[in-house]
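This report describes a predicted model in terms of its sheet, its pockets and selected backbone features. The structure is shown below.

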Amino acid sequence: MPAFCFESLLPDACMNRAIELAWQGQYSCDPNPRVGCVLVKDGRIIGEGFHARAGEAHAEIHALRMAGEAARGATAYVTLEPCSHTGRTGPCSQALIDAGVANVVAAMEDPNPQVSGRGFAMLREAGIEVEVGLLEDDARQLNPGFIRRMRDGLPRVTLKMAMSLDGRTAMANGESQWITGPAARQQVQRLRAASSAVLTGVESIIFDDSRLTVRAEQLGLENAAAIAQRQPLRVILDSSLRLPLAAACLNEPGRTLVFTLRDDADPRWSQLEAAGAELASMPANAEGRVAFDAVLRYLASCEACNEVLVETGATLAGALLEANCIDQLELFMAPTLLGSEARPLFALPGLSTMNQQRRLQIDAICAVGEDWRISARPVRES
């Protein structure tokens, strides 16, 4: 049982504890949201829990099980509105009602239209006092991808790239291993582990034969082996089905999904299926590539992807940026110079004047081993 003194159990402290618990599901509960719950009674925490895995008990259920009969008359602090519908588990709102909880303090309303206020309504109808909005901004940081998928029908897209100090990603011949050091590569593995899908272009597979997997030995976490059991969906954009049949990613645990302009009449379609790929035909965009918006909507609606991590080269990175498909950039910069002949970070043809520049909002810069990590967002034109 957690030890908290009475003075520390102010509402903010209780919700902060719930948020801290929710982060424990960071790598495991996809596609469900990360949620934490704390039950408080008579100045002490009597139960707590977090949602660990889709299909298993939600945070409120774990907290209620810990509290047992003591939950009657308690206050529940929860990072997200308790669910009101029956999916693979029963409704948490009803469980709180049945346990006799007196008050529920929630950080935010659930953006899922199946819930969205219904959980609060159930609680209030049962006579439970409900407060909403405590530390909402902090709670929203738990699930930006889930919120985006529920609100807009799109996943949140993060572009990860490694570069030299002069903004180069590979030598002219494509050689790129390794620009950054082990500490940066460990953080990349954690980005993968927290993602629903890892997306790249077929050119990256042809040049690097990337596996696009989470490697337990590189995570640097106590439960690394368990985390690596949930491999993110591997997504490859391949307009004309050039993916090599012997590509390493086709022989890794988990699924590889190829988006293409071709259909199943193409002989390569059945060959790639036999090699272990899944394929989906997409419409073309104005440039004759697989339409990015169609891909992202498919990933959100058909694959329940909250977070998509893009790891690719300059051409696709630039095209995604130009199409306003990137929500977040994670740039790892090494203290080295690759020279003017090396490959650039983004291919952005047509920029000839300063008023055409693509500006970024930098959120954070931090040292990662001998390298630097820059977290930024594209500045959207109003």
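An open sheet of 5 strands shows mixed pairing and the strand order 2-1-3-4-5. Strands here are DSSP E runs of at least two residues and helices are H or I runs of at least four, both numbered from the N terminus; two strands pair if DSSP finds at least two bridges between them. Strand 2 (44-50) and strand 5 (129-132) form the edges, each pairing on one side only. From one strand to the next, the twist averages 15 degrees. Strand 4 (residues 103-106) pairs with strand 5 in the parallel sense over 4 bridges, and alanine 106 has valine 132 of strand 5 as its bridge partner.

Helix 4 (residues 118-125) packs on this sheet and touches strand 4 and strand 5, its direction making about 150 degrees with that of strand 5. Helix 1 (residues 11-22) lies across strand 1 (36-41), strand 2, strand 3 (75-78) and strand 4, and runs at about 145 degrees to strand 1. Contact means heavy atoms within 4.5 Å. Axes are lines fitted to C-alpha atoms, for helices over the stretch in contact, with angles from 0 to 180 degrees between N-to-C directions.

Residues are numbered from 1 along each chain as its sequence is written. In this predicted model, local features need pLDDT of at least 70 and side-chain atom pairs count only at pLDDT 80 or more, whereas totals for chains, interfaces and linings use all residues; side-chain values use heavy atoms, leaving out hydrogens and water.

The two pockets are set out in the table.

| Pocket | Volume | Lining residues | Nonpolar / polar / charged |
|---|---|---|---|
| Largest | about 1,300 Å³ | 46 residues | 17 / 16 / 13 residues |
| Second largest | about 880 Å³ | 30 residues | 11 / 6 / 13 residues |

A pocket is an open set of points on a 1 Å grid over the protein atoms alone, where a 1.4 Å probe fits, with protein on both sides within 12 Å along at least five of seven lines; lining residues have an atom within 4 Å of a point. Points are joined across faces, edges and corners, and a volume is the space filled by probe spheres set on them. Ala, Val, Leu, Ile, Met, Phe, Trp, Tyr, Cys and Pro count as nonpolar, Asp, Glu, Lys and Arg as charged, and the others, Gly among them, as polar.

Closest to the centre of the largest pocket are Ser204, Asp208, Glu311, Thr312 and Gly313. In the second largest pocket, Pro144, Arg156, Thr158, Glu307 and Gln328 lie nearest the centre. Helix 6 gives the largest share of that second lining, 4 residues.

Helix 6 (144-152) has Gly145, Phe146, Ile147, Arg148 and Arg149 as its buried residues (buried is under 20% relative accessible area, exposed over 50%, partly exposed in between, with a 1.4 Å probe and protein chains only). Their cover includes helix 5 (136-140), strand 6, helix 12 (292-303) and strand 12. Glycine 153, which follows helix 6, has a positive phi near 70 degrees.

Other backbone features lie in loops. Between helix 1 and strand 1 is proline 31, joined to aspartate 30 by a cis peptide bond with omega near 10 degrees. Aspartate 42, in the loop between strand 1 and strand 2, has a positive phi near 55 degrees and is exposed at 71% relative accessible area. Aspartate 209, in the loop between helix 8 and helix 9 (216-219), has a positive phi of about 50 degrees and is partly exposed at 37% relative accessibility.
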